[in-house]
Amino acid sequence: METPDKLEKIIETRMKLKARFEEKMKLTPSVADDKPKGSGKPNRHGMPSLPIGQTATVKWPVLDLGYHPNIPLDKWRLTIDGAVDNPVKLTWKQFMELPQTKDTSDFHCVTTWSKFDMHWKGVSLLDLAALVHPKETATHIMCYGYDTYSTNISLEEALKPDVLLVHTFDGQPLSIEHGGPLRMITPQLYAWKGSKWIKRIEFLTENKLGFWEGRGYSNTAYPWRNDRYDD
Ligand SMILES: Nc1nc2c(c(=O)[nH]1)N[C@H]1C(S)=C(S)[C@@H](COP(=O)(O)O)O[C@H]1N2
Ligand SMILES: [Mo]
């Protein structure tokens with residue numbers, strides 16, 4: 001699937017998408033708040049590195065619904081559909097042929113731990129969006145996990161450059177307990193917005209509630225606003 005033409009097309013669509021959401025992104029709390037809540041020196045987005053109510057951890061705790069699906073790579077598929085012009089169902093090989101991004105970012109769990117400087121490698125959601133061409137009417141995505149989990153995110157958050165679908169942590173394949181073979185990460189939102197064992201991304205034309213959002217967790221999940229639960 002990796003012809004130069006196709007790559008050109010991805011790059012062009014990516015730039016258009018980026019431009020379409022750039023203004024909205026600049027206004028999101030995790031980059032725009034002038035009185036963000038937290039402590040420590042500024043992170044790369046100018047926010048205090050430790051958001052309010054969080055404690056730094058060196059270990060990496062495991063948090064999920066208790067079921068760790070084991071998906072062999074030859075059975076693994078990632079479906080991206082909904083309000084898009086070009087829905088896809090990718091095999092592992094096709095996914096790994098997409099442009100790969102490396103990044104180092106922080107991880108903030110709503111249960112009050114934060115882990116700094118995590119080294120990731122994967123494919124950015126922006127590149128995946130460029131592949132499927134979201135319709136003009138798309139506003140949100142719903143991500144689904146192989147364990148029946150789901151979580152919703154607005155496109156101005158989801159298309160930020162640090163939102164990745166990662167298969168590698170610290171140079172090693174992501175372990176099953178942390179969502180391997182592939183999970184999403186959302187460094188500028190609480191970590192429940194990043195589905196482990198991700199299997200489907202559905203583009204939506206209106207917001208819907210995911211697993212925790214339907215159970216009282218915040219729709220927006222801004223760490224520097226202590227935005228954990230709906231009031
Ligand atoms: N599929 C799936 N993804 C999930 C969860 C889950 O239960 N299932 N839990 C979320 C929560 S609440 C958090 S804090 C992070 C935890 O990731 P970790 O277990 O790798 O620390 O994954 C998120 N993604
Ligand atoms: Mo969590």
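## Close-up views of the predicted model

**View 1. The surroundings of I71 in the predicted model.** I71 is found in the loop that runs between β3 and β4, the latter covering residues 78-82. With 16 other C-beta atoms within 10 Å, I71 counts as partly exposed, because that number falls between the limit of 20 or more for a buried residue and the limit of 12 or fewer for an exposed one. Leaving aside its neighbours within four places in sequence, I71 is in contact with W76, Y146, P181 and W197. For one of these partners, Y146, the separation along the chain is 75 residues, while the C-alpha atoms of I71 and Y146 are separated by 8.3 Å. Two other partners of I71, namely P181 and W197, have backbone features of their own, to which the next two views turn.

**View 2. The cis peptide bond that leads into P181.** The model is a predicted one, and in it the peptide bond from G180 to P181 is cis, with an omega near 10°. P181 has its place in the loop between β11, which covers residues 172-173, and β12, which covers residues 183-185. Among the residues in contact with I71 is this same P181.

**View 3. W197, a buried residue with a positive phi.** Although W197 is not a glycine, its phi is positive, at about 45°. W197 is found in the loop between β12 and β13, the latter strand being made up of residues 198-204. There are 25 other C-beta atoms within 10 Å of W197, so this residue counts as buried, the criterion being 20 or more. I71, in the loop between β3 and β4, has W197 among its contacts.

**View 4. The hairpin of β6 and β7, with T112 between the strands.** Strands β6 and β7 pair in the antiparallel sense over seven bridges, and within this pairing K102 has K121 in β7 as its bridge partner. The hairpin has four residues between its strands, and T112 takes a positive phi near 90° there. T112 is placed in the loop between β6, residues 101-108, and β7, residues 113-124, and its positive phi occurs in a residue other than glycine. T112 counts as exposed because it has 12 C-beta neighbours inside 10 Å, and 12 or fewer is the limit for that class. Thus the positive phi of T112 belongs to an exposed residue, whereas that of W197 belongs to a buried one.

**View 5. The other pairings of β7.** Besides its antiparallel pairing with β6, β7 pairs in the parallel sense with strand β3, residues 55-56, over two bridges. In that parallel pairing, the bridge partner of A56 is S114 in β7. β7 also pairs with strand β10, residues 164-169, in the antiparallel sense and over five bridges, and here G122 has V166 in β10 as its bridge partner.

**View 6. E213 in the segment after β13.** E213 has its place in the segment that follows β13. Is E213 buried or exposed? With 22 other C-beta atoms within 10 Å, E213 is buried. Once its neighbours within four places in sequence are left aside, the contacts of E213 are T151, N152 and N219. Of these, T151 is 62 residues away from E213 along the chain, and the two C-alpha atoms are separated by 7.2 Å.

**View 7. The shell of residues around ligand 1.** Of the 18 residues around ligand 1, those that come nearest are D64, G145, Y149, W192 and K196. The shell divides into ten nonpolar, five polar and three charged residues.

**View 8. The annotated span and the whole chain.** An unreviewed UniProt entry carries the annotation "domain: Oxidoreductase molybdopterin-binding" for residues 69-212. In the model, the end C-alpha atoms of residues 69-212 lie 19 Å apart, and the span is 12% helix and 40% strand. The protein as a whole has five helices and 13 strands. Its radius of gyration is 17 Å, close to the 17 Å that the globule rule gives for 231 residues, so the protein is as compact as a globular protein of that length. The C-alpha trace spans about 45 × 40 × 35 Å along its principal axes, and 39% of the 231 residues count as buried. Among contacts between residues at least 6 apart in sequence, 67% join residues that are at least 24 apart.

Technical notes:
Residues numbered from 1 in each chain as written. Chains lettered and ligands numbered in written order. Predicted model: local features only at pLDDT ≥ 70, side-chain atom pairs only at ≥ 80, totals over all residues. UniProt positions renumbered as here; feature names shortened; annotations may be inferred. Rg over C-alpha atoms; globule rule 2.2 N^0.38 Å. Contact = placed C-beta atoms within 7 Å. Near = placed C-beta within 6 Å. Nonpolar A, V, L, I, M, F, W, Y, C, P; charged D, E, K, R; others polar. Pairing = 2+ DSSP bridges.
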